[in-house]
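Okay, thanks everyone, let's get going. I'll put the structure up and then walk you through the inside of it.

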Amino acid sequence: MYNRHHYIGGKSVEGTSGRFGPIFNPSTGEQQGKVALASKEEVEAAIANAEAAFPEWAATSVVKRARVLQNLVHILYREKDKLAEVLSSEHGKVFSDAQGDVQRGLEVAEFATGIPHLIKGEYSDNVSTGIDMYSMRKPLGVVAGITPFNFPAMIPLWMSCMAIACGNTFILKPSEKDPSVTLMFADLWKEAGLPDGVFNVVNGDKEAVDTVCTDPRVKAVSFVGSTPIAQYVYATSTAHGKRCQAMGGAKNHMVVMPDADLDQVTDALVGAAYGSAGERCMAISVAVPVGKAVADKMVEMLKPRVEALRIGHAMDPQAEMGPLVTADHLAKVRGYLDLAEQEGTSIVVDGRKFEYNMQGFEKGYYMGGSLFDNVKPEMRSYKEEIFGPTLQIMRAESFDEAIALPTNHEFGNGTTIYTRDGDTAREYVNRVEVGMVGVNVPIPVPLAFHTFGGWKSSAFGDINQHGTEGVRFFTKTKTVTSRWPTGIRSGAEFVIPTLNS
Ligand code: NAD
């Protein structure tokens, strides 16, 4: 049994609130540790440290900041497997998938090494006689990240690398379910040469989040998690004068046209719906075959594949899917499957029946993959996010009926279309009301140099994660109008300057 505390001002700091949360090993179902839950005062201490470290870090040359990021990239490659192992033990995703979690975050660190170029401003020479105008991107100050359980490496790296490269000091409030990887990051940042106080971790729950969202010293909050909390964090932070980006939940549809290659579609659906036990905000949770023939064939091809999913503990090299994150989450997902049954869904494969009996793992939070057919738009099990290993099939008669489903859904994170027809794909890409779209790609997660963000109830705020939007989020623009030489005198002018001079 281990204890996880906070990391403030360059060192590990014991929690003093007296409150702790449990850390489970989802593969075994045992509690393996506990995490300190910070009080308001402890979060305020972290903010004070980050505020004290800000002037020096903001004044550090951009090339030196980039070099810290370069060092971090090398260290992260060196430590990738260790990080992935710890991540698997607290999250439950299989080791190879955990390596991907670290890798996708690492790629944002790689992107952030380009900060000298990314943060360049604009310059206009001689905008009026003897007058130059330029704009600079300045860091905001102390900024914070609040992250979900499902990508405990990638999402903290998305936020921290961009924020720190831009010259801010950073406070991370990771998920209390799997906090260990972020504390390992703290040591790695230090080894990379980051000064104390620039990267801080406060573990905690609502009390820590509320403090971060209301303290006037925190200038921006980047959040990823479920929609109700995203909305709450966005409303609270912006009401307290902060910049906020808050990414929320999802329900991602894959439209399958009659001309699609169904072997490709089956492979894509099995990976995208059941990988990471469906606990991905870009998982495909709804398949929309167009026409009865495609739907019948698709169900026939999917059924044996879902039944044959290899489910095992996180470090089993044969396992394709591990357990769910906690017993509570397992119960929530099972509850949705019960609801779907009551609502009249046709159950093709029932994951509730799965039992994993390997010695030592009998108490883990396992369930099998589920496949449901004849799902209807009015069902609550369709409207809400299940976040488990379940694929819902909604049969559509036409392309227009199919595209209406993701377009009219409350969430708008990701979607994809499988077709061999360029016109259809192009129309889908242009018309669908969703932020991230794939064409014959199962999980269209943008790479580090593009930006990540959904539409509608999948994201609140205007600026996406990473890519050049990450630089926009973590900086503010200062625009300077400058006249040289100083000897010019034109007398007092009482009208607004225009371009006539
Ligand atoms: P969550 O909303 O329960 O928790 C996210 C963060 O908010 C955690 O740090 C948690 O401690 C904090 N939190 C929880 N309850 C709170 C409360 N009442 N007040 C203040 N803070 C609170 O989300 P989760 O279960 O950790 O993660 C899964 C969710 O995240 C899913 O809905 C998934 O779709 C979403 N997600 C979205 C994206 C995206 O980019 N859109 C990416 C990953 C995950």
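I'll go through the cores, then a few buried residues, then the pocket and the cavities, and finish with some backbone angles.

One thing up front: this is a predicted model, so keep that in mind as we go.

Let's start with the packing. The largest nonpolar core has 64 residues, and the members that touch the most others are L72, L76, C161, F185, W189 and F199. Take F199 from that set. Setting aside residues up to four places away in sequence, F199 touches Y7, S160, I164, F170, L172, T182, F185, A186, W189 and L194. Then, apart from that core, there's another one of 61 residues, and V256, V299, Y336 and V348 are among them.

Okay, on to a polar side chain. Where does Q245 sit, and is it buried or exposed? Q245 is in strand 12, which runs over residues 243–247, and it's buried, with a relative accessible area of 1%. So what does the side chain of Q245 find in there, given that Q245 is buried? A polar atom of that side chain lies 2.8 Å from the backbone oxygen of I463. The side chain of Q245 also makes a polar contact of 2.7 Å with the side chain of S222. If you leave out neighbours within four places in sequence, the contacts of Q245 are V221, S222, F223, F460, I463, N464, Q465, F473 and F474.

Now look from the other end of that pair. S222 is in strand 11, and its relative accessible area is 0%, so S222 counts as buried. Again leaving aside neighbours within four places, S222 is in contact with A144, G145, I146, M159, Q245, Q465, F473 and F474. Q465, F473 and F474 are in the contact list of Q245 and also in that of S222.

Q465 turns up once more, with a tryptophan. W158 belongs to helix 5, residues 154–165. W158 is buried too, at 3% relative accessible area. Beyond residues up to four places away, W158 touches V108, V224, F452, Q465 and H466. Have a look at H466 there: W158 and H466 are 308 residues apart along the chain, and their C-alpha atoms are separated by 6.2 Å.

Right, the open space. How much space lies in the largest pocket? About 940 Å³. There are 39 residues lining the largest pocket, and those nearest its centre are K177, F223, G225, S226 and I229. The elements giving two or more residues to that lining are helix 7 (206–214), strand 11 (218–224), helix 8 (227–239) and helix 11 (327–342). Helix 8 gives the most, with five residues. As for chemistry, the lining of the largest pocket splits into 17 nonpolar, eleven polar and eleven charged residues.

Then there's the enclosed space. The structure has three cavities of 30 Å³ or more. The largest cavity has a volume of about 120 Å³. It is lined by 16 residues, with G278, A283, S285, E385 and F387 closest to its centre. Strand 14 (284–289) and strand 17 (390–393) each supply at least two residues of that lining. By class, we get seven nonpolar, six polar and three charged residues around the largest cavity.

The second largest cavity comes in at about 60 Å³, and it takes us back to F199. Its lining is Y7, G10, A186, W189, K190, L194, P195, D196, G197, V198 and F199. Helix 6, residues 180–191, gives the most to that lining, with three residues. Here the split is seven nonpolar, two polar and two charged.

Last stop, the backbone. Most residues other than glycine have a negative phi. Which way does S276 go? S276 isn't a glycine, yet its phi is positive, at about 55°. A277 does this as well: not a glycine, and a positive phi of about 55°. S276 is in the loop between helix 9 (262–274) and strand 14, and A277 lies in the loop between helix 9 and strand 14 too. Are they buried or exposed? S276 has 6% relative accessibility, so it counts as buried, and A277 is buried at 0%.

That's my tour, so over to you for questions.

Key. Residues are numbered from 1 along each chain as its sequence is written. This is a predicted model: local features need pLDDT of at least 70, side-chain atom pairs count only at pLDDT 80 or more; totals for chains, interfaces and linings use all residues. Side-chain values use heavy atoms; hydrogens and water are left out. A nonpolar core is a set of buried Ala, Val, Leu, Ile, Met, Phe, Trp, Tyr and Cys residues joined through side-chain atoms within 4.5 Å. Buried means under 20% relative accessible area, exposed over 50%, partly exposed in between (1.4 Å probe, protein chains only). Contact means heavy atoms within 4.5 Å. Helices (H or I, at least four residues) and strands (E, at least two) are DSSP runs, numbered from the N terminus. A polar contact is a pair of N or O atoms within 3.5 Å; within protein, one must be able to donate a hydrogen and the other to accept it, and residues adjacent in sequence count only if both atoms are side-chain atoms. On a 1 Å grid over the protein atoms alone, a cavity is a set of points where a 1.4 Å probe fits but cannot get out, and a pocket is an open set with protein on both sides within 12 Å along at least five of seven lines; lining residues have an atom within 4 Å of a point. Grid points are joined across faces, edges and corners, and a volume is the space filled by probe spheres set on the points. Ala, Val, Leu, Ile, Met, Phe, Trp, Tyr, Cys and Pro count as nonpolar, Asp, Glu, Lys and Arg as charged, and the others, Gly among them, as polar.
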